[in-house]
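The exercises that follow ask how one helix is placed among its neighbours. Please look at the sequence and the structure before reading the solutions.

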Amino acid sequence: MRPLHDESLAKLVVYRAILDGTALRTREEMLGTLAALRRDPPVPPESMEAAAFPERIRNFVDALVGQYRG
């Protein structure tokens with residue numbers, strides 16, 4: 001259950017970062033936001049497995065970028 005919680009939380013963090021900023025205005029801004037999240041993923045206090053959380057964000061960012069470019 002803990003990994004599922006953190007996977008959902010990682011998606012929420014990424015979606016909020018995209019929606020709260022100006023990332024949806026241009027392709028470059030969105031990819032820049034995703035690149036920044038991948039480089040320096042935040043670890044919210046609600047995460048249950050903090051050490052593994054950055055990798056969950058990176059995996060989700062990679063999947064989004066793959067869909068966006070594909």
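Axes are lines fitted to C-alpha atoms, for helices over the stretch in contact, and angles run from 0 to 180 degrees between N-to-C directions. The model is predicted, so that local features need pLDDT of at least 70 and side-chain atom pairs count only at pLDDT 80 or more, while totals for chains, interfaces and linings use all residues. Residues are numbered from 1 along each chain as its sequence is written, and side-chain values use heavy atoms, with hydrogens and water left out.

**Exercise 1.** Find which residues of α2 are buried (under 20% relative accessible area with a 1.4 Å probe, protein chains only), and explain how they are arranged.

Solution. Begin with α2 itself, which spans residues 27–39. In this helix, M30, L31, L34 and L37 are buried. Because these residues cover an arc of only 120° around the axis (taken from the directions from the helix axis to the C-beta atoms), they lie on the same side of α2.

**Exercise 2.** Determine how α2 and α3 are oriented to each other.

Solution. First, the buried residues of α2 pack against α1 (2–20) and α3 (53–69). Next, α2 and α3 pack at an angle of about 155°, with their axes 9 Å apart. Since angles over 145 degrees count as roughly antiparallel, α2 and α3 are therefore roughly antiparallel to each other.

**Exercise 3.** Determine how α1 and α2 are oriented to each other.

Solution. The axes of α1 and α2 come within 10 Å and cross at roughly 140°. Angles under 35 degrees count as roughly parallel and those from 65 to 115 as roughly perpendicular, with the rest oblique, and α1 and α2 are therefore oblique to each other.

Notes:
Helix = DSSP H or I, 4+ residues; strand = E, 2+ residues; numbered from the N terminus. Expected span 1.5 Å × (residues − 1). Buried < 20%, exposed > 50% of the residue type's maximum accessible area, 1.4 Å probe, protein only. Contact = heavy atoms within 4.5 Å.
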